[in-house]
Amino acid sequence: MNYQRPVPLIGDPSSAAERAADPTGWAFDPTTIDALRRVIAARRDVRRYRPDPVPEALLRDVLDAGHHAPSVGHSQPWRFIVVAEQATRDRAALLADRERLRQADLLTPDRRARLLDLQLEGIREAPIGIVVACDRTAPAGGVLGRATFPDTDLWSCACAIQNIWLAARAAGLGLGWVTLFRPDDLADLLGLPDGVSTLGWLCLGWPDERPPTPGLERHGWSRRLPLDTVVLRERWRTDDAPPPPPSHLAGPPPHAVVHARDSGDDLLSSPGSLGVLDRAVDRALAVAPDCADLPAELIIVAADHPVTRHGVSAYPSTVTDDVYRATLAGDAVGATTAREANLAVRAYRARADTPGDLVSTDGLSNADVERLLGEGIVLGRAGTGLVCLGEVGIGNTTVAAALAAKLLDLPPDQVVGLGAGADAAVLGRKLEVVGAALARTRPLNRRDPHVLLAALGGPDIAVLAGVCLGATAAGRPVVLDGLVTSVAGLLAVRAEPAVQAYLIAGQCSRESAHAAVLLELGLEPLLDLRLRAGEGVGAVLAAQLLRTALRLRASAGRIQ
């Protein structure tokens, strides 16, 4: 008597006989297979996004695809952190901007320039950020498959990212995987506990580009290897081995094609032809679309510094007043440069009620810090258009060097420069003063800008930091000058990370710490002229270039 095979109500209903008779019976129909192949082939690392929101239901569909990824031991170690808040995305963008410059510095000069011409992320543009975090707190030996390969939990999360990517592409969304972060920095930003790692940041949104081929391949950065060079049979070949994965630390690539931002896409010019200046234009227009039509100004802040009593300058402290008066009269170098560039000038005298010399006492009182920051905020808010920063203050580069050392955790010999007109003896005294100031403030939290301003700051730097905060609030791009203004900018960014999006590095001066401060800010300078003028001269010169480029972007011929 023959009986029917019991068919389970759950699980696999097929029988061995059925599978033997039709080994291909599990395949999808040709239309579905073709659709899958097209989605895989059309997946792109998108860098440019529209601001339009992603519907919540569609976001859940995409995340659900990630949640259906394979995982070692069915451990499902992924955690999807969805980021929509502007403040968090601003902080993440600062970290990525900073790391982009760090990675560029590892390359050959030509490769570095070509890398910097590429847009590598869209953190600010994309309306959604997804950070795939891997919960690694379970002991590897307790998860099936991890005892021998402990990193399979990370591989599982990478599979989740691929699923998310393909689901997003099928729905017409763009996704870009950004790994321009130091893992600890990203973990701190998101408050991840010990034992949880990130796999970078996924930008998700409606794409503002529709690339037919992978971006880096299209722009000459690398090429897809032929399949036969990466497929091996039975074992690793020793004679005809495949080439190693491409290294981006050296090697002449094909020419790199530069991405241009929206307003430069249809110019009658090669995209990105203005190099770093094009990026500065993009930056300015992102925060102030009409800044090309608005007046610009130079704000010069002057202050005295008791640290001069330790012989850290080649000039007497009375020079500060002389230059300040000349600025008010329009005769100083900075004011004259601004006039020639058609910039208005505002000069401001910053004063501390209880100034200190850094060595034995704090530079400012807490009350001074709050008041001076407030004065700067008022200055930054009071106006429209581009604002350039300048300063006048004998001894202020010593103050800025001490702040830079504390902010960046650097020793004195990496932040102290010779200074205008100084000699070896003056340099030695500056090193001693900065070293003593750092020793006195060693227990302080270097992440708290208010604490650092009180301990190591000066009136001009506090006001300039306030100007950055005020200008940001007013939607005004800020062009930094030398070390002093850049340290002020960094303090403002530490207070409010969103400020970084409004800052433009006018120049990199001769001061030793300036390049390190700009790196921390994630900014490329427009000029590198070995300036030591102060008074905002470098910022104004850079602003001339920037304003010309803004007008060019607005009025140059365009392709129909």
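This briefing walks through helix packing, a few individual residues and the cysteines. Keep in mind that the model is predicted. Helix H12 packs against both H15 and H16, and those two contacts come up before anything else. After that come two residues with positive phi, Asp409 and Glu535, then two buried residues of H13, Asn396 and Val399, and finally the cysteines.

**H12 against H15**

- Helix H12 covers residues 366-381 and helix H15 covers residues 449-456; their axes come within 9 Å and cross at roughly 115 degrees.
- Angles of 65 to 115 degrees count as roughly perpendicular, so that is the label for H12 and H15.
- The crossing of H12 with H15 is right-handed.
- On the H12 side, the residues in touch are Asn366, Val369, Glu370 and Leu373, and they meet His450, Leu453 and Ala454 of H15.
- Sorted by class, the H12 and H15 contact comes out as four nonpolar, two polar and one charged residues.

**H12 against H16**

- H12 also meets helix H16 (residues 459-473), with axes that come within 6 Å and cross at roughly 45 degrees.
- That angle makes H12 and H16 oblique to each other.
- Here, too, H12 passes in a right-handed crossing.
- H12 brings Leu372, Leu373, Glu375, Gly376, Ile377, Leu379, Gly380 and Arg381 to this contact.
- From H16, the partners include Pro459, Ala462, Val463, Ala465, Gly466 and Val467, and also Leu469, Gly470, Ala471 and Ala473.
- The class tally for H12 with H16 is twelve nonpolar, four polar and two charged residues.
- If you're looking for a residue to click on, Leu373 of H12 is listed in the contact with H15 and in the contact with H16.

**Positive phi outside glycine**

- Asp409 isn't a glycine, yet its phi is positive, near 55 degrees.
- You'll find Asp409 in the loop that runs between helix H13 (396-408) and helix H14 (424-440).
- Asp409 has a relative accessible area of 57%, so it counts as exposed, the cut-off being over 50%.
- Glu535 is another non-glycine with a positive phi, this one about 60 degrees.
- Glu535 sits in the loop between helix H18 (514-521) and helix H19 (537-555).
- With a relative accessibility of 11%, Glu535 counts as buried, since that takes a value under 20%.

**Two buried residues in H13**

- Asn396 belongs to helix H13 and is buried at 5% relative accessibility.
- Leaving aside residues up to four places away in sequence, Asn396 touches His305, Glu391, Asp460, Ile461 and Val484.
- Val399 is in helix H13 as well, and it is buried at 2% relative accessibility.
- With the same sequence neighbours left out, meaning those up to four places away, Val399 touches His305, Val307, Leu358, Leu456, Gly457, Gly458 and Ile461.
- His305 and Ile461 turn up among the contacts of Asn396 and among those of Val399.
- Val399 and Lys430 are 31 residues apart along the chain, and their C-alpha atoms are separated by 9.6 Å.

**Cysteines**

- A disulfide is a covalent bond between the sulfur atoms of two cysteines.
- Searching the whole structure turns up zero disulfides.
- Cys468 has 0% relative accessibility and so counts as buried.
- Cys508 is buried too, at a relative accessible area of 13%.

Terms used. Residues numbered from 1 in each chain as written. Predicted model: local features only at pLDDT ≥ 70, side-chain atom pairs only at ≥ 80, totals over all residues. Heavy atoms only, no water. Disulfide = S-S within 2.5 Å. Buried < 20%, exposed > 50% of the residue type's maximum accessible area, 1.4 Å probe, protein only. Axes fitted to C-alpha atoms, helices over the stretch in contact; angles between N-to-C directions. Helix = DSSP H or I, 4+ residues; strand = E, 2+ residues; numbered from the N terminus. Parallel < 35°, antiparallel > 145°, perpendicular 65-115°, else oblique. Left-handed = near helix turned anticlockwise from the far one by under 90°. Contact = heavy atoms within 4.5 Å. Nonpolar A, V, L, I, M, F, W, Y, C, P; charged D, E, K, R; others polar.
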